[in-house]
Amino acid sequence: MTNYDGPWKEALDNFFPAAMELLYAEVHADIDWQRSFEFLDTELRKIVAAAQWGSGIVDKLVKVWLKNG
């Protein structure tokens, strides 16, 4: 089975602001990029530990700050 998920996650890890600007321009405009963002993948796994991981399941969580606080 081909793993298409891994490269996307690696791209998000390395180019998150650019990916948001490309894919979600309106959301990107609302984010305060002067503040740091934080990947919370480990915390997400703890919350949904009983869920089955795999294709079609959200397993990337990022904490950002909005310009309006």
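The following paragraphs lead through a predicted model of a protein chain, beginning with its overall makeup and moving on to its helices and surface.

The secondary structure of the protein chain comprises 3 helices and 2 strands, and these elements come in the order α-α-β-α-β when the chain is read along its sequence. Of the 69 residues in the chain, 16% are buried. The accessible surface of the protein chain amounts to about 5,700 Å², of which carbon and sulfur atoms supply 57%. When contacts in the chain between residues at least 6 apart in sequence are considered, 49% of them join residues that are at least 24 apart.

Helix H1, which covers residues 5-23, deserves a careful look. Although H1 has 19 residues, the C-alpha atoms at its ends are only 16 Å apart, whereas a straight helix would reach 27 Å at 1.5 Å a residue. Where along H1 is the bend to be found? The helix bends by about 105 degrees at Phe-15, and a proline, Pro-17, follows within four residues. Just after the bend position comes Phe-16, which is buried in H1 together with Ala-19 and Met-20. As for their surroundings, the buried residues of H1 pack against helix H2 (25-30), and also against strand S1 (38-39) and strand S2 (62-63).

H1 also takes part in the surface of the model. A nonpolar patch is formed there by Trp-8, Leu-22, Leu-23, Tyr-24 and Val-27, which together have about 610 Å² of accessible area. The element that gives the most to this patch is H1, with 3 residues. Val-27, another member of the patch, is located in helix H2. Is Val-27 buried, partly exposed or exposed? Its relative accessible area is 41%, and Val-27 therefore counts as partly exposed, because that class lies between the limits of 20% and 50%.

The remaining helix, H3, spans residues 41-47 and includes Glu-43. With a relative accessibility of 37%, Glu-43 falls between the same two limits and so is classed as partly exposed. Glu-43 can also be related to a position further along the chain, namely Leu-61: these two residues are 18 residues apart along the chain, and their C-alpha atoms are separated by 8.5 Å.

Conventions:
Residues numbered from 1 in each chain as written. Predicted model: local features only at pLDDT ≥ 70, side-chain atom pairs only at ≥ 80, totals over all residues. Heavy atoms only, no water. Expected span 1.5 Å × (residues − 1). Bend = angle between axes of the 7 residues up to and from the residue. Buried < 20%, exposed > 50% of the residue type's maximum accessible area, 1.4 Å probe, protein only. Contact = heavy atoms within 4.5 Å. Patch = residues over 30% accessible without salt bridge, like charges linked within 9 Å, V, L, I, M, F, W, Y side chains within 5 Å. Areas by Shrake-Rupley, 256 points an atom, 1.4 Å probe, with all protein chains shown as cover. Salt bridge = Lys/Arg side-chain N within 4 Å of Asp/Glu carboxyl O.
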